[in-house]
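Please open the model in your viewer and keep the selection panel at hand. The stops below follow one another, each with something to select and something to look for.

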Amino acid sequence: MQAAVDVVNTSLHATNKVAATLFTKDYTISKTNFWPGVIEQAFGHDIDIGSSSGTVHAEVACILAASMTEGASLCVTDPFCPNCAKNIAEAGIKTIYIDHKGFDKDFAARRGDHFKNMSLQVCARAGIAIYQLNRKEKTITPIAEISDDYKPFNDAPVVVGTVASASRAYFLDVISDSRANLAGEKFATALAFDASGKVFSLCAKPHLAVGYSRCIEAPEFQDLTGKYNFILEPVNRLLMNAARLGLKIHAEYLYSSIVPTSRELVNVVGAGLNKLHLGDANSARDPEALSAITQLNNANILTIVTV
Ligand SMILES: [Zn+2]
């Protein structure tokens, strides 16, 4: 936690300075919320990308930069938003510590309901334990604990395959197989590689956060109308699952069947990617996503290839 607190003031955000430290027994990585350099240069701090701010949240920044997140722990300076909760769950993180001072900030007061009503619920379903940490008093207080025998639902896992090499021909094969298997459903796919250079294919469709089953949840969980919802979009799922598995998405080979959401597009740029293949460049979940992709394309931040 001290590592996160040590970097939090390096965040360039004027009001919400947030930091996170992700750790496993093998490594530690700390990040603040940040504007990817290319977004900051082209749009500054005040222009949104579609319906999303141009910033990558600190929790997601850690996940995108990590070598492998399955079973990792995360320290955060502030109660986290529901989108981060979904991403943390998808990345296979199992424990979160929140700095006690984070609960006293303005940000927590404004966002507290989303944390209580949604972030905590998402973590409970995913089997993530949450603690409040007081550095001064050296105490750790449970906020939510998980029983040892709890196993979350995972009824649409990201499909992982192996591929002989990273080439356009294999990439197009993976896209066409996924199209055939998913019969008209929205999906995203990518080629990715591990530390030894071995190549994998990843394919995801949208799904409720880890631990929620499409078969049994009430219709309200499928609702997309609020500021936050329980669905995790396919490109975000690819980004988080690549981190979970210790894979890096190949810069040349990321595909989405329709235009990803504004938030997904900012995360793609935050992951250092600058090329996106699209099946249908005119369809998106919402019109703001079409604005976002136009902004990023016109600023030469994201090259779009239709396949
Ligand atoms: Zn967040």
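Begin by selecting α3 (58-65) and helix α7 (residues 234-245), where helices and strands are DSSP runs numbered from the N terminus, with at least four residues of H or I for a helix and at least two of E for a strand. The axes of α3 and α7 come within 8 Å and cross at roughly 55°, and the two helices are therefore oblique to each other. Here axes are lines fitted to C-alpha atoms, for helices over the stretch in contact, and angles run from 0 to 180 degrees between N-to-C directions; under 35 degrees counts as roughly parallel, over 145 as roughly antiparallel, 65 to 115 as roughly perpendicular, and the rest as oblique. If you show side chains, the contact (heavy atoms within 4.5 Å) is made by V60, I63 and L64 of α3 with L239, M240 and A243 of α7.

Before going further, please bear in mind that this is a predicted model, in which local features need pLDDT of at least 70 and side-chain atom pairs count only at pLDDT 80 or more, while totals for chains, interfaces and linings use all residues. Residues are numbered from 1 along each chain as its sequence is written, and side-chain values use heavy atoms, with hydrogens and water left out.

Keep α3 on screen and add helix α4 (residues 82-90). These two helices pack at an angle of about 25°, with their axes 9 Å apart, which makes α3 roughly parallel to α4. On the α3 side the contact is made by E59, V60 and I63, and on the α4 side by C84, N87 and I88.

How many of the nine residues of α4 are buried? Eight of them are, buried meaning under 20% relative accessible area, exposed over 50%, and partly exposed in between, with a 1.4 Å probe and protein chains only. Among the buried residues of α4 are P82, A85 and K86. Just after this helix, select G92, which takes a positive phi of about 80°.

Next, select the zinc ion, which is coordinated by H57 through ND1 and by C81 and C84 through their SG atoms, at 2.1 to 2.3 Å. Donors are N, O and S atoms within 2.8 Å of the metal (3.2 Å for Na, K and Ca), and since water is not among the atoms, sites may look incomplete. Along the sequence the donor residues are spaced H-x23-C-x2-C. C81 is buried, with a relative accessible area of 10%, and C84 also counts as buried, at 3%.

The last stops are salt bridges, of which the structure holds 10, each being a side-chain nitrogen of Lys or Arg within 4 Å of a carboxyl oxygen of Asp or Glu. Select E70 and R244, whose closest N and O atoms are 2.8 Å apart; E70 sits in the loop between α3 and β3 (73-76), whereas R244 belongs to α7, 174 residues apart. E70 counts as partly exposed, at 42% relative accessibility.

Then move to D99 and R135, a salt bridge whose closest N and O atoms are 3.0 Å apart. D99 lies in strand β4 (residues 95-99) and R135 in the loop between β5 (129-134) and β6 (139-144), so the pair ties together parts that are 36 residues apart in sequence. Is each partner buried or partly exposed? D99 counts as buried, at 3% relative accessibility, whereas R135 counts as partly exposed, at 23%.
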